[in-house]
Structures are given as C-alpha cells and as structure tokens.
Amino acid sequence: MFTPAKKIKKAETAFLCDNLFDLWLNGKQIVLDSKHLTLADITELLVDGENNLHIRGYQSATYNTFSSAITGGIRLYYEDGHIEEIVTDASFKLVQLTNFWDIKEPESVTAEVQFE
C-alpha cells in the first residue's frame, strides 16, 4: 500500500522477474503471466488516498524459499516537480502462499504484496 504525498502529474511502473508474475494496481490488472513489464504509464489507475499494489509471483515452494526473484517499482511524478520512487525492498510482505504444484489457488488467496 502507498499513499501519494501530493497531487500526481504522472505515474509509471516497471518490473522484472525470473519467473512469471501478475500485477494489479487498485484491483485493475496491469500485466498477466509475464516475466518483464516495460515502463508502463499507470497514472489513470491511481486513486486519491491509499493505493494497493498486488503482485502474484509463481514458483514458490515455502515461505523460506521463494524460487522467483522480482525487482521493480513505481515512480511518482508530482505536479511540483518532486519525484518519489517506491521500489522492491525488504518492506514487501508475502501474505499468501500456495503449494508449488497446485494448479488452482485456494479460495482464500489474496495475492497481495504491500508497501509499508
């Protein structure tokens, strides 16, 4: 989750993963079954207040062994010229894990990564 500090002029995102991933912002799909999301304009997907970024990465075996690495983030361009970057780091949280060989997600899956 993230909340822009000021009025946004433009917002972009890009991600790179060694396995497939899905990405949503505020419930709207940005990419599905991809390894690479080139720089994408997400300005229209932002909402006033709190925004929720959801990432589902594939090929997880256990909470301690995530066999897929992902890097990327969001860049916010504010109307006053300030730029803020929200990047992948230790603040990302895994909130749901399914078994490696599951072909269907459990109904309780949230597929969410949060910024704090």
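Here are a few exercises on this predicted model, each with a worked solution.

Residues are numbered from 1 along each chain as its sequence is written. Since this is a prediction, local features need pLDDT of at least 70 and side-chain atom pairs pLDDT 80 or more, while totals for chains, interfaces and linings use all residues, and side-chain values use heavy atoms, leaving out hydrogens and water.

**Exercise 1. Find the residues with the most contacts inside the largest nonpolar core, and say which strands supply it.**

Step 1: know the term. A nonpolar core is a set of buried Ala, Val, Leu, Ile, Met, Phe, Trp, Tyr and Cys residues joined through side-chain atoms within 4.5 Å. Buried means under 20% relative accessible area, exposed over 50%, and partly exposed in between (1.4 Å probe, protein chains only).

Step 2: pick out the residues. This core has 20 of them, and Phe21, Leu23 and Leu76 have the most contacts inside it.

Step 3: look at the strands (DSSP runs of E, at least two residues, numbered from the N terminus). E1 (8-25), E2 (28-41), E3 (53-57) and E4 (70-78) each give at least two residues. E1 supplies the largest share, with seven.

**Exercise 2. Work out which salt bridges Glu12 forms, and whether Glu12 is buried or exposed.**

Step 1: a salt bridge is a side-chain nitrogen of Lys or Arg within 4 Å of a carboxyl oxygen of Asp or Glu.

Step 2: try Lys10. Its closest N and O atoms with Glu12 are 3.3 Å apart, so by the definition they form a salt bridge.

Step 3: try Arg75. Here the closest N and O atoms are 3.9 Å apart, another salt bridge for Glu12. This pair links distant parts of the chain, with Glu12 in strand E1 and Arg75 in strand E4, 63 residues apart.

Step 4: check accessibility. Glu12 is buried at 8% relative accessible area, whereas Lys10 at 32% and Arg75 at 30% are partly exposed.

Step 5: put it together. Lys10, Glu12, Arg75 and Glu85 are linked in a network of salt bridges.

**Exercise 3. Explain why the salt bridge between Asp80 and Lys6 ties together parts that are 74 residues apart in sequence.**

Step 1: get the distance. The closest N and O atoms of Asp80 and Lys6 are 2.8 Å apart.

Step 2: place the two residues. Asp80 lies in the loop between E4 and strand E5 (83-87) and Lys6 in the segment before E1, so the pair joins those separate parts.

Step 3: compare their accessibility. Asp80 is exposed at 52%, and Lys6 is partly exposed at 39%.

Technical notes: Helices (H or I, at least four residues) and strands (E, at least two) are DSSP runs, numbered from the N terminus.
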